[in-house]
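User: Could you take a close look at one part of this model for me? I'd like to hear about the aromatic rings and what sits around them.

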Amino acid sequence: MNSTNYDACPECDLLLKPAQLKIGEKAHCPRCGLLLSRPRKQSIERTFALSITGFILFFPSVLLPMMGITVLGDANTGTLLSGVIALFNENMWPVAIVVFLASIMFPLVHISLSLLISGHLYFKRSNRYLVTWMRWMYHLDEWIMLEVYMLGIIVACVKLMAIAPLKFGWGLYAFIALIIITTLLTSNLDNRLFWQRIEQLRKENNNAS
Amino acid sequence: MQAKTNALSQGFIRCHDCGYLVKTGNQSLSCPRCNSHLHARHPHSLQRTSALLFSSFLLYIPANIFPIMTVNQFGAGDPHTIAGGIVELIDSGMIPIGLLVLVASILVPSSKLIGIGLLLLCTHFRWQINARRWTVMYRIIAFVGRWSMLDIFMISILVDLVNFGEVQIIAGPAATAFAAVVILTMFAAENFDPRLLWDNQKNL
Ligand SMILES: [Zn+2]
Ligand SMILES: [Zn+2]
């Protein structure tokens, strides 16, 4: 089977000969224009480092207060998690679950998976779950909505400023840092390279045993 | 090999999960690299997409007529619909933010519903179109969908923070319907297979 000599465009199914790209070059599909690959410098090392940072940042951004307001002498602060709980307490559990998954659960799982995968590749360790982790990470990607949540924070701030004075907390700063890290993470993660390395590791492992 | 051929017509299937190109005919229906099931095109793409689209159309109505949140102040309730919240923002001079919410909660969902509907009609009736342009439209639809969740996240923040004895913000029934619309249209876009647009073109 020599199918690896060819490639197909995921959106128009054009049969392609994959180009050998250097760092900094991009390959677009000649028929539909889709960005096919874009090799990154030290993709595994950078993904590993960014995953560790993101994983650490995740906890303060979920647990520390992001914002606080004071109305008639009463003060209230909110965290990512307390927003979910507030919706639950109002019996809006379908919405609460959606917010919980998109802003807490999926980002955590995604960053843990990328930590596990890049860690294994960095230390050249084989693991039979690598393939499953890669597939989960791929499917989760679309459902992580941290940047959207950030816009939600901005709009909420504008609305709240009309009611009462606002205060920002460490949770918000950690959250902004987390968004920057996850954005860098997705742009540095070279899917194609990761799959190639996983296959290599598996072959080496099969030869060794 | 011709300059432009479909992988499928040459007997290749691209694995959806890992991108591996597999020569069909060797009877294996799972990807040798990642073990996921192989399909030349997304299975039942049109049926699934239209079912999801139809449900989101139905839910889009309550999402827009019922209040998405209610502001309770000193015993008096003030319900807001999605459109009402935008009008209020613009009235109070917050025009850029008002426009942002207008785009995210009204323009994006409605153009998404129409866009996916058009894509379905196009593939069903095998319209001869500029497939490249339509693929770009699909790509935009798939990309912008998640940004509509903005309103839902904003409500979760407001409900949590504005919770005092005399002043309270409560989420309304439209929030559930709207979140469902966003998620269903995201699934609809995910289930649509843009390669069908190309398959139907007689002369490429
Ligand atoms: Zn293409
Ligand atoms: Zn595969």
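Analyst: In this predicted model, ring pairs tie F48(A), Y122(A) and F123(A) together as a cluster. Take the pair made by Y122(A) and F123(A): the rings meet edge-to-face, with 5.0 Å from centre to centre and 85° between the planes. How buried or exposed are these two? Y122(A) comes out partly exposed, at a relative accessible area of 40%, while F123(A) counts as exposed, with 53% relative accessibility.

Now for a pair in another setting. Y149(A) and F153(B) are tilted, their planes 45° apart and their centres 4.8 Å from each other. This pair crosses between chains: Y149(A) belongs to helix α5 of chain A, and F153(B) to helix α5 of chain B. Y149(A) is buried, at 1% relative accessibility, and F153(B) is buried too, with a relative accessible area of 0%. Over all chains, the count of aromatic pairs comes to 13.

Those two helices also bring us to a sheet in chain A. The sheet is open and has three strands in the order β6-β5-β7, paired antiparallel. Its edge strands are β6 (74–78) and β7 (166–168) of chain A, each pairing on one side only. From one strand to the next, the twist averages 20°. Helix α5 of chain A, residues 146–161, packs on this sheet and touches β5 and β7 of chain A, with its direction at about 145° to that of β7(A). Helix α5 of chain B, residues 150–161, lies across β5 and β6 of chain A and runs at about 145° to β6(A). So what holds β5 to β6 in chain A? Five bridges join β5 (residues 67–71) to β6(A), and the two run antiparallel. To pick out one residue, I69(A) has N76(A) as its bridge partner in β6(A).

While we're on chain B, have a look at its zinc site as well. The zinc ion (ligand 2) has the SG atoms of C15(B), C18(B), C31(B) and C34(B) as its protein donors, at 2.2 to 2.4 Å. The site is tetrahedral, with angles of 103 to 115° among the four donor atoms; the ideal for four tetrahedral donors is 109.5 degrees. Along the chain, the donors follow the spacing C-x2-C-x12-C-x2-C. C18(B) sits in the loop between β1 (12–14) and β2 (21–23) of chain B, and C34(B) in the loop between β2 and α1 (45–65) of chain B, so this pair ties together parts 16 residues apart in sequence. C18(B) is buried at 9% relative accessible area, and C34(B) is buried at 1%.

Terms used. Residues are numbered from 1 along each chain as its sequence is written. Chains are lettered from A and ligands numbered from 1 in the order in which they are written. This is a predicted model: local features need pLDDT of at least 70, side-chain atom pairs count only at pLDDT 80 or more; totals for chains, interfaces and linings use all residues. Side-chain values use heavy atoms; hydrogens and water are left out. Two strands pair if DSSP finds at least two bridges between them. Helices (H or I, at least four residues) and strands (E, at least two) are DSSP runs, numbered from the N terminus. Axes are lines fitted to C-alpha atoms, for helices over the stretch in contact, and angles run from 0 to 180 degrees between N-to-C directions. Contact means heavy atoms within 4.5 Å. Donors are N, O and S atoms within 2.8 Å of the metal (3.2 Å for Na, K and Ca); water is not among the atoms, so sites may look incomplete. Four donors count as tetrahedral if all angles lie between 85 and 135 degrees; four count as square planar and six as octahedral if opposite donors are over 155 degrees apart and all others between 65 and 115; anything else is irregular. Buried means under 20% relative accessible area, exposed over 50%, partly exposed in between (1.4 Å probe, protein chains only). Rings of Phe, Tyr and Trp (its six-membered ring) pair if their centres lie within 6.5 Å; planes under 30 degrees apart count as stacked, over 60 as edge-to-face and the rest as tilted.
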